[in-house]
Amino acid sequence: MKIPFYITTTLPYVNAIPHIGHALEFIRADIIARAKKLDGFEVFFNTGTDEHGIKIYQKAKQLGLEPQKYVDETAQKFREIMPLLGLMPDVNFIRTTDKHHVMAAQEFWKIVNKNGLIYKKNYSVKYCIGCELEKTDSELVDGKCPLHPLQDLEIIQEENYFFRFSIFQKPLMDLYEKQEKFVVPNTRLNEIRAFVERGLEDFSISRLASKMPWGIPVPGDETQVMYVWFDALVNYISAVGWPDDEKQFKKFWLETGGVVQYCGKDNLRQQSAMWQAMLLSAKISPSKQIIIDGFVTGEGGIKMSKSLGNTVDPLEVVKEYGTEALRYYVARELAPFEDSPFTMDKFKEAFNAHLANGLGNLVSRVMKMAEANGIKFDEEILKTLLNSNEIKDLQKKYRAGFDEYNIQAASNAVWELISNTDKIVQERQPFKKIKTDKAGGEADIKELLARLNIIGTMLLPIMPETAAKIINLTEKNEMPKEPLFMRK
RNA sequence: CGCGGGGUAGAGCAACGGUAGCUCGUCAGGCUCAUAACCUGAAGAUUGUCGGUUCGAUUCCGGCCCCCGCAACCA
């Protein structure tokens, strides 16, 4: 009987096309999903697109498209990128415009409402006549719209539904206290704790449909649509069958102890506070863990932005270096939880050093020796090697890395093995030894083959295609027809 | 006194009460199985700054300076 495991990315908001930050999160979640699968778990891996709300409504209008048409097109771009990033083919792709999800979000609303946690209240909105847009406080400079500083903002009173977030302070603090490593890394847990401790305010969870119709209708009130967060977050349960597919929900939400959610640091509050309060309000058990990753930045830690021209297009990277190389870079060259710079120069450097010169070259040199001397992969030697302290220690590091969602640490263990193996070739010089001491040389080469085989196995979640290639080469005793990674 | 992260060799990071490690890059030597790859060694850091605690601080405490992100209904 396989133990179920549920992991999800944040659903990207489709007001823009996929960027490197999305790619990074998809790849990380996929690596964990694959590692769990290889470990014998029955994995449900979820991703998809968040498609409602004002930004999308405006974006569609601006492009002269119906919102549905716009989101169909953009969602398709996200769907297409999944295989290019090497995601598992059975990844679940949910859209918040899916019928089932819409139904689930409405059902969720009804339950929360029934539990007395939704109420109506006047909400004042600041509106800039110049922009013809609502403005939030954070968008204002000295209380004025920075684009139209001479015009006063109009205050519009609007009646919205609110969620009683404020009463969840204590339950959330308890959750952070009791659930082990609820937020990873710990600094983020402290951050959200401090935030909740300061006190929570109810937040509005609907918009007037007359002004912004692009949302899920509020059950029982056609004049309002649900605010995107209240809709989008529900995907984590609707994706596993809530509310109607009890069997699926029981398996992947209840038996797993909840979902493991990957999200960016900008999503900390929504996922580890708002969403958890929402679940509590519907009497559903909380998520299992929230994994917060940092952002990729440009050179020098500066935020990536189109206007600065320091963005990196994941599709360009894949086109130039391939999917596997991008996965490598995400896994090992980026800090797992902190911001890290991502530039094409750095990428090339890492590619040459660790994929071409490191992994690829090692495969070529070992397979050449094996092939030239007709030496076959030996299961017995593999078994002995797996019992050595060196390999055991590395496997331990590798597993601990994955257990802590520290993909970098796990990957480092693999490259430590690669480096050790290069050293062995140099020290024992089997290519020379085989000429004078046939048995000794053969034994060395067999060990090298077994090492390569282990490297392949360890690479399976990180670089699945390369890993399969390496395993295949060692078992078939073939030199790669062309280098695995050609120097750039 | 809004919140958080950070300032360590040319670059990117690590460590932690006992004078700093790794990766890339640079230089020298070795090897020739391999993708001008690989192995060994070297050069290169007064660990932002001032002060305190201590036998001893990069590591603990306090002040200051600088950088980055966020500031809730903006995904």
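Contact here means heavy atoms within 4.5 Å.

**Figure 1. Chain A as a whole, before we zoom in.** This is a predicted model. Using that contact cut-off, and looking at pairs of residues at least 6 apart in sequence, 76% of the contacts in chain A join residues at least 24 apart. The secondary structure adds up to 19 helices and 15 strands. Chain A has 488 residues, and 53% of them are buried. Measure out a box along the principal axes and the C-alpha atoms fill roughly 90 × 50 × 40 Å.

**Figure 2. Helix α12, mostly under cover.** Of the eleven residues in α12, ten are buried. The buried set includes T323 and E324 at one end of the list, and A331 and R332 at the other. Also among them are the two tyrosines Y328 and Y329. Keep an eye on E324, which sits in this helix (residues 323–333) and gets the next panel to itself.

**Figure 3. E324, a buried acid without a salt bridge.** What does the side chain of E324 reach? It goes to the backbone nitrogen of E465, at 3.3 Å. E324 is buried but makes no salt bridge, and R327, the nearest side chain of opposite charge, is 4.9 Å away. A salt bridge needs the nitrogen and the carboxyl oxygen within 4 Å, so a pair at 4.9 Å doesn't make the cut. If you skip the neighbours within four places in sequence, E324 is in contact with M463, P464, E465, T466 and F485.

**Figure 4. The second largest pocket.** This pocket holds about 440 Å³ of space. Its lining comes from 20 residues, and those nearest the centre are A35, D39, Y398, R399 and F402. Three elements give two or more residues each to that lining: α1 (20–38), α15 (389–403) and α18 (438–459). Which of the elements gives the most? That would be α15, with five residues.

**Figure 5. Two cis peptide bonds, both leading into a proline.** Most peptide bonds are trans, so a close-up of the exceptions is worth having. One joins V184 and P185, with omega at about 0°. P185 lies in the loop between β7 (183–184) and α6 (186–197). The other runs from W242 to P243, again cis, with omega near 0°. Look for P243 in the loop between α8 (235–238) and α9 (246–254).

**Figure 6. Positive phi at K181 and Y405.** Most residues other than glycine have a negative phi. K181 isn't a glycine, yet its phi is positive at about 45°. You'll find K181 in the loop between α5 (169–178) and β7. Y405 is another non-glycine residue with a positive phi, this one near 60°. Its place is the loop between α15 and α16 (407–428). Is Y405 buried or exposed? With a relative accessible area of 7%, Y405 is buried.

**Figure 7. D90 and K37, a salt bridge across the sequence.** Here D90 pairs with K37, and the closest N and O atoms are 2.9 Å apart. The two partners sit in distant parts of the chain, 53 residues apart: D90 is in the loop between α3 (67–84) and β3 (92–95), while K37 belongs to helix α1. D90 is partly exposed because its relative accessible area is 46%. K37 also counts as partly exposed, at 36%. Chain-wide, the count comes to 27 salt bridges.

**Figure 8. E191 and R188, a salt bridge within one helix.** The side chains of E191 and R188 meet at 2.7 Å, N to O. Both residues lie in helix α6, three residues apart, or about one turn of the helix. The two ends differ in cover: E191 counts as partly exposed at 40% relative accessibility, whereas R188 is buried at 17%.

**Figure 9. E447 and R428, part of a network.** A salt bridge brings the side chains of E447 and R428 together (2.9 Å, N to O). This pair links distant parts of the chain, with E447 in helix α18 and R428 in helix α16, 19 residues apart. At 16% relative accessibility E447 counts as buried, while R428 comes in at 32% and counts as partly exposed. Which residues are linked in the network of salt bridges? They are E390, R428, K433, D444, E447 and R451.

Key. Residues numbered from 1 in each chain as written. Chains lettered and ligands numbered in written order. Predicted model: local features only at pLDDT ≥ 70, side-chain atom pairs only at ≥ 80, totals over all residues. Heavy atoms only, no water. Helix = DSSP H or I, 4+ residues; strand = E, 2+ residues; numbered from the N terminus. Buried < 20%, exposed > 50% of the residue type's maximum accessible area, 1.4 Å probe, protein only. Lys, Arg positive; Asp, Glu negative; His and termini not counted. Polar contact = N/O pair within 3.5 Å; in protein donor to acceptor, adjacent residues only side chain to side chain. 1 Å grid on protein atoms, 1.4 Å probe; cavity = no way out; pocket = protein on both sides within 12 Å on 5 of 7 lines; lining within 4 Å. Points joined across faces, edges and corners; volume = space filled by probe spheres on them.
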